[in-house]
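Student: Could you take me through one part of this model closely, starting with how far the prediction can be trusted and then turning to how the helices pack?

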Amino acid sequence: MNANKHFKGLTRNAATLLSTKVADCLLVHSKEKIENHSSTCSLLTKLSSEEKAGLQYIGGYVLHKLHNKHVNTKKSPESEQAISILKAGKAGDQDSIQSQRLTSSLNRGGLWAITENAQSVFERTEHYFRDVTSDNNFQKIDVTSVISRSVHDVEVVSAYNSMLLDSELMINKGVAKDVLHTIIELYVKVRSFSFAKDIIQRHNMKLKQLKSKALRKEISRASKESEQQRQS
């Protein structure tokens with residue numbers, strides 16, 4: 001009805017046709033997002049209690065690390081807003097802190113427990129991280145893909161928006177976007193480091209096992225030769 005108001009300079013028929021096409025494109029895009037979201041949710045990585053505890057620990061480290069970074073920089077409205085967002089991801093009640101057993105067991109006053117909203121952000125990011133590292137033959141972790149998929153994930157955006165509502169300050173959209181990106185980026189970097197460390201440890205264990213087997217064979221062979229010499 002108001003196509004001419006939105007597309008000034010076009011005839012009524014042309015404006016109506018263009019409005020219809022735009023609406024069709026928006027509907028297709030929305031349906032694709034819903035379908036992709038549904039398929040992602042059904043395949044969301046299920047974490048064991050130990051894995052979830054590790055995720056909570058890393059998540060708390062990420063928020064605390066970024067918080068300290070902004071605290072130690074020159075004060076500005078942007079840094080104050082960033083600090084407020086990061087603090088909104090920190091669990092304040094004692095029950096939540098105690099429920100995160102790895103963090104509570106290692107804590108000496110410097111570790112952060114995280115809220116459910118913050119945990120949702122990290123769980124979705126962990127899902128995408130495992131997706132890109134699921135291939136045993138991959139040569140490089142596609143960090144860019146993990147970050148991009150995470151920041152555009154519907155559940156991540158929803159949980160993060162809830163964090164923004166819990167913030168003590170009004171948050172600028174640009175600041176909110178930057179902080180989300182840095183949170184996910186640091187989490188992926190930490191996970192990449194731990195993932196690479198695990199691979200190296202497994203490789204070293206295999207080498208030790210191979211050396212141990214080779215040593216046992218050598219001892220067995222030497223023992224047989226010695227026995228044969230005594231018999232002869």
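Tutor: The chain averages a pLDDT of 83, where pLDDT is the predictor's confidence in each residue, from 0 to 100, and 84% of the residues score at least 70. This is a predicted model, in which local features need pLDDT of at least 70 and side-chain atom pairs count only at pLDDT 80 or more, whereas totals for chains, interfaces and linings use all residues. Residues are numbered from 1 along each chain as its sequence is written, and side-chain values use heavy atoms, with hydrogens and water left out.

Confidence is highest in helix H4 (residues 77-88), at a mean of 96, and lowest in helix H5 (residues 94-99), at 62; helices here are DSSP runs (H or I, at least four residues), numbered from the N terminus.

Turning to helix H7, its axis and that of helix H3 (residues 49-71) come within 10 Å and cross at roughly 110°, the axes being lines fitted to C-alpha atoms over the stretch in contact, with angles from 0 to 180 degrees between N-to-C directions. H3 is therefore roughly perpendicular to H7 (65 to 115 degrees). Among the residues that make the contact (heavy atoms within 4.5 Å) are Leu 55, Gly 59 and Val 62 of H3 and Ala 118, Phe 122 and Arg 130 of H7.

A search of the whole structure finds two aromatic pairs (ring centres within 6.5 Å). Phe 129 and Phe 195 form one that is edge-to-face (planes over 60 degrees apart), at 5.8 Å centre to centre and 85° between the planes. This pair links distant parts of the chain, with Phe 129 in H7 (residues 116-132) and Phe 195 in helix H10 (residues 173-231), 66 residues apart. Both Phe 129 and Phe 195 are buried (under 20% relative accessible area, 1.4 Å probe, protein chains only).

Terms used
Phe/Tyr/Trp six-rings, centres within 6.5 Å; stacked < 30°, edge-to-face > 60°. Helix = DSSP H or I, 4+ residues; strand = E, 2+ residues; numbered from the N terminus. Buried < 20%, exposed > 50% of the residue type's maximum accessible area, 1.4 Å probe, protein only. Parallel < 35°, antiparallel > 145°, perpendicular 65-115°, else oblique.
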